[in-house]
Each structure stands twice: as C-alpha cells, then as structure tokens.
Amino acid sequence: MRANHYVAALLVITACGPSTKDPAEDLMTIEVAPANATLTYTGAPLQLEYTAIGHYADGHTAPIPDAVFALDAEGALLGNINAAQFEATGAAAGKGGVLAQSGSIVGGTSVAVVIHPVRIGPGVPANGEDNFPDNPPTGPNSPTVLYPLEGAVMPASVKSPDAQWEGPNAAGDLYRVRITAGQFATVDTILAAGTGFKLDNQVSDTDWRMLVKSAGSGPITFEIAHWNQASSAAAAAPHTVRIVQADVTGAIYYWNLGQGQMERIDSNGRAPAIPKPPSQPSTGSRCVACHTVSHDGRYLSGSLWGGGLQGGVFDMSDPAIQTADPAPTLSPVVESSTYTQLFSTFNQDATRLMINVGTGLSVVDPRTGAAVPTAGTPLPSANAAHPAWSPDGSTVAFINHITVGGGAASWAVDYDRGDLQVLPASAGDTFGAPTNLVAAAQVDPAFAAPSWPTFSPDSQWIAYGAGTNSRGASGAIPYPGSLFLVNKAGGTTQRLDVACGNLRLCYLPNFSPYDVGGYYWLVFYSFREYGNALAGTKGVVRRQMWITAIDKAKLAQGGVDASSVAYWVGDQDVSTNNMSAFWALPPPIM
C-alpha cells in the first residue's frame, strides 16, 4: 500500500495509538469504530457509520459526539465522508484511513474497499464464470498473451489497452480476462469464442479508470485463462504494466498512408485533422503532408498537394478548420506562386517557421508567408534536412551534409548518410555556425543516416532515428532503423533498444510536450508486430505508432538506456500504415 498522508486539518498527531494528553481535559486517546472494516463495492451506494470512542485518564470510555471525522489521502481515493458516515464511491479500491479528532487528540482506523466486477460477454452460458478457478494452472491449452507488452510503462491518462492473445480457439471455448490492480481491485471478463471473436478484450473506460486509480504507482496485471469442455481451465503467463501518475494527453497529428490523409488522435478518438484542406487548382489534390505543429499546439504547417510544393499554415484553434471548405490558411496559398516547402519547424512562439526547400533551409513568417532575412551565419543552402527548433527557441537541430550513394541528395527525403548538427538561434533572426553532435564518420555505418531530431520539452535532450536510410522502408521492405538519445551539448549517444524491443524497426521519434511523472514521453513508429493476427498486426509488415517513457533518473545516471517498454497508441487503424506522429498540446481556445 502507498503511505497514508493525513489531511492538513488532522496533522496534529498520527492515528491508531496513544497520543499525548490534552492538558485542557482528561481525554487520552480516540478509538474509531468499527475498526479495520472491509467493504465490497458492487455498484450500489455503500455506506458505513463510524463512532469516535474516547478513552479517558480515569479508565472509562465514552462516545465523543462532537468528534470531527475525515479521510487520509488514501481514504479520499476510495470515497468520501459526511459527518461520521463513510461512502465508497467505486472510483477506486484499496485501503485508507478514517480519522477522528477532538481537540488536539486524533485517532484512526483503516477501511478497505474491494471492487471485483464480473463482466459477461455475448454467448457465455449462465455458469460460464464457474469454469475458472482463481489460479488456473498452465498447460497445453494455455493461451499466450501478446499485448500489452510485459513491463510496459504507461501514464495514468492512457486509454484502456486492448488485451490480445493467441492459442487454442474453437466454438464453445471460454476465456477469462482478469485484470488486477493492487490487492483489492479486480475486473473479470468472461468471453465466448465464436464468429468474429478476435481473441481480444478491451475493458470499459469506467473499469479501466478504477483500475488505474487503484494501482497508484503500482502494477496492473493482465491474466488470461482458456477453458474448453475437453479440459479444465488453463492460464497464460501474466503480463504486468506499470502506471505512472501523469496526465499525458494532447493530440497526435500523423499521416495515415492507407487513407492518404493527415489524421488526429486525441481524447475523442481518431478523426481527420483537417477534413477539407484547400484543393490544388490544377489537379484537385487535397493532400497535406510533411506536417509539423507549433509548440503551443495552435498552428500546423504542411506541404500542400505534394512534398516540395506550396506551404500552408493552419490555425487549429479556429473552428472553421473542421467545418469550412476549404479550411482556411493563415495566408493565401497560390499554386506556383507562394512559398514552397518540404519539411518545416516552428520557433518557440510560432512567429517564425524554418522551412526545408529541396535540401536548403530558410525562414518565413508563418502568418504572412513572407520570406524573413536572417543574420549571422547564413543557413545551409544545400545538403540539409529535417530541421527541428527547440521549445526554448535557442537551438535548431538538423541533418547536414546529406548524401545518397556517395553523391549529393536531390531532396531531403532520401539520403543514406549525414551528420546530426545543431546551430544556435537568437533574437533578430540571427543564427550561428552549425556544430556536430553526431558525425557520420564517427558512428557504425549501420547508423550513418540520422534523421528526424526532436527536442525534449526542456530543450536539453535530442532524440533521433538512425539507420542505413533516412526513410523507414523502400516499398514493403523496411530499412533497419533504431532510436537514439543525446544531450544537446554533446556527449555519448544512447541507443533506445528497450523502446524498440531490441528490434531495428523504429523510426521518426517525436517528443510529447509533457514533462511529468519523472519521464519524458516519446512517440515513434515501428514495423514491430502489435498484438495478434485477428485484432492487431501480427504477420504483416505495417507501420504503427508507439510511445515510450524516457526515465529522467536514468538519464541523470548516464550511460544506460533510459527508455521503457513501449505501448501502442490507442485508436489507430490497424489496417493502415501510420507514421509521422507530431505530438502537441491541445490547441488553445481561439
């Protein structure tokens, strides 16, 4: 159990034991009854009346009618108290403290709330639950849990994972998906095999929120058991995930290759990011690609109608983005006239947009589209790719000296060699000379093509991809690729093998804007399999987006992989290739 923290009003004396005598009276201690109660919440209101009993210096006891009752921090998660009546709300299971105070004397006891709903799926017979003992043994009929991944680290705000498994599956078979959090919270779901059954189960948001709140910073365990008429129930090896008490939400803007459009995933699910972007007069194309998002989540920049064509900036806080046809851009976009771009990046306050045209870098005003003259060291006019401006505005990371096959790269999309560099940025649109962070000549040739640098929210760390090519794949064949992390001041790079499952199939990282719970949160895409072949992507080579928690304590140690076992980004379409995830704060209200 997590440590109890008494509410401020009752910090005078710790509970459950003798306390210093109040000189104003002969009350010595307070007993709270009933002691150490356990309540089982089943969905209906559940109350328990408490009494404060005083123990006095002369040895007698008596009720204290004017005692003030309260809950400690753990108890407040379980319910509320009104006068002397505790009510379990069902929001969480666990054990907490009930406190009573009179004058300066405080006493207390514990209260435990057990929550264990059993959800019955379609086609399950009335006695289906009875086929599963509490702890079935493993055996030939045991399933294999495929998702969530063992040891994954997830924020408390994450949506309920879709548990997936594989193994014996025939008509009439039953499954129990048991999810436990701590000693007191369990959700059982009994499922029946049949037409359309995908060997998966996602509990309701209500049940998942209860489990997360009950877990605190502890584990949540997924246990899956299988039963058929020819044998008794058999269990799979459990998978456990760890919850970090952190609210990591916002919106992820990404490219859905299957639909050929940019989409957005947020708390409301998946939807087109810009339903009706401007169409190209000559072709009717409505493509918005090669996008990026401002640090405050308000503006989205993209290349309209195709990579390297006209650039456009959208104010995502404007309701017209979702309703107008065409969706408005900050400045007019005119085919073959206004500025062109491939990739782009906003400065700290979105007053400047650095664009990658061909393989050169330049700056425009995102509100007007006008070119902005720069001072100091000229920006690279060739052989540069993938600029990323730090959240504090002081640094631009990019890939310099890009080549392909030993010759000059024709555009910033395709190259097989380059140097990860940084250049300083300051007031007056002034830039300094680039310096190397990771030079291709100094790394394993398998990682000579760095790509897509991204800054941590505090601008101190840079994550990037690296492999044999700047792309993730050529057609259906992936290029080997890994993720790395390096301090912006330089030093040793660290490959994030834990995030990638020790597979070289990870690409295009992007930090979330959230620095919470002792972690940074990094989204990327991978060709690794997600779940099983029925509900997930097992057996196919398909881009899917994942998130890894970067442990800041491990970063401080240095020399260790600070990434965590990743979790899949919920609400994706498993039938499409999803990539180029840019994670942003929710856009401010216009």
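**Figure 1. Pairing of Met-354 with Val-363 in a predicted model.** Met-354 has Val-363 as its bridge partner in β29. The model shown here and in the following views is predicted. Strand β28 (residues 353-357) and β29 run antiparallel and are joined by five bridges. Both strands belong to an open sheet of three strands, ordered β27-β28-β29, in which the pairing is antiparallel. The edges are occupied by β27 (343-346) and β29 (360-364); each has a single partner strand, so one side of each lacks a neighbour in the sheet. From one strand to the next, the twist averages 25°.

**Figure 2. The open sheet β24-β25-β26.** Three antiparallel strands make up this open sheet, in the order β24-β25-β26. Its edge strands, β24 (288-293) and β26 (311-315), each pair on one side only. Neighbouring strands are turned against each other by 25° on average, direction ignored. Between β24 and strand β25 (residues 299-304), which run antiparallel, there are four bridges. Val-288 has Leu-304 as its bridge partner in β25. In general, strands of a sheet pair through backbone hydrogen bonds, in either a parallel or an antiparallel manner.

**Figure 3. The largest nonpolar core and the surroundings of Ile-220.** The largest nonpolar core comprises 96 residues, and Ile-220 and Trp-521 have the most contacts inside it. Strand β44 (residues 519-526) supplies the largest share of this core, namely six residues. When residues up to four places away in sequence are not counted, Ile-220 touches Ile-179, Thr-180, Ala-181, Trp-208, Leu-211, Val-212, Ala-215, His-239, Thr-240, Val-241 and Ile-243. A second core, separate from the largest one, has 51 residues, including Ala-388, Ile-399, Phe-447 and Ala-449.

**Figure 4. The environment of Ala-235.** Ala-235 lies in strand β19 (residues 231-235). Because its relative accessibility is 12%, and buried means under 20%, Ala-235 counts as buried. Apart from neighbours within four places in sequence, Ala-235 is in contact with Pro-136, Pro-137, Thr-138, Ser-142, Pro-143, Ile-224 and Ala-225. A separation of 336 residues in sequence lies between Ala-235 and Asp-571, and their C-alpha atoms are 28 Å apart in space.

**Figure 5. The largest pocket and its lining.** The volume of the largest pocket is about 580 Å³. Its lining consists of 33 residues, among which Val-413, Trp-452, Arg-471, Met-579 and Ser-580 lie nearest the centre of the pocket. Two or more lining residues come from each of the elements β24, β37 (449-455), β38 (461-467), β41 (481-487), β43 (506-516) and β47 (578-584). Of these elements, β24 is also an edge strand of the sheet in Figure 2.

**Figure 6. The environment of Ser-482 in strand β41.** Ser-482 is placed in strand β41, an element that gives two or more residues to the lining of the largest pocket. The relative accessibility of Ser-482 is 1%, and this residue therefore counts as buried. With neighbours within four places in sequence left aside, Ser-482 is in contact with Phe-447, Tyr-464, Gly-465, Ala-466, Arg-495, Arg-504 and Cys-506. Among these contacts, Phe-447 is also included in the second core of 51 residues shown in Figure 3.

Definitions and conventions:
Residues are numbered from 1 along each chain as its sequence is written. This is a predicted model: local features need pLDDT of at least 70, side-chain atom pairs count only at pLDDT 80 or more; totals for chains, interfaces and linings use all residues. Side-chain values use heavy atoms; hydrogens and water are left out. Two strands pair if DSSP finds at least two bridges between them. Axes are lines fitted to C-alpha atoms, for helices over the stretch in contact, and angles run from 0 to 180 degrees between N-to-C directions. A nonpolar core is a set of buried Ala, Val, Leu, Ile, Met, Phe, Trp, Tyr and Cys residues joined through side-chain atoms within 4.5 Å. Buried means under 20% relative accessible area, exposed over 50%, partly exposed in between (1.4 Å probe, protein chains only). Contact means heavy atoms within 4.5 Å. On a 1 Å grid over the protein atoms alone, a cavity is a set of points where a 1.4 Å probe fits but cannot get out, and a pocket is an open set with protein on both sides within 12 Å along at least five of seven lines; lining residues have an atom within 4 Å of a point. Grid points are joined across faces, edges and corners, and a volume is the space filled by probe spheres set on the points.
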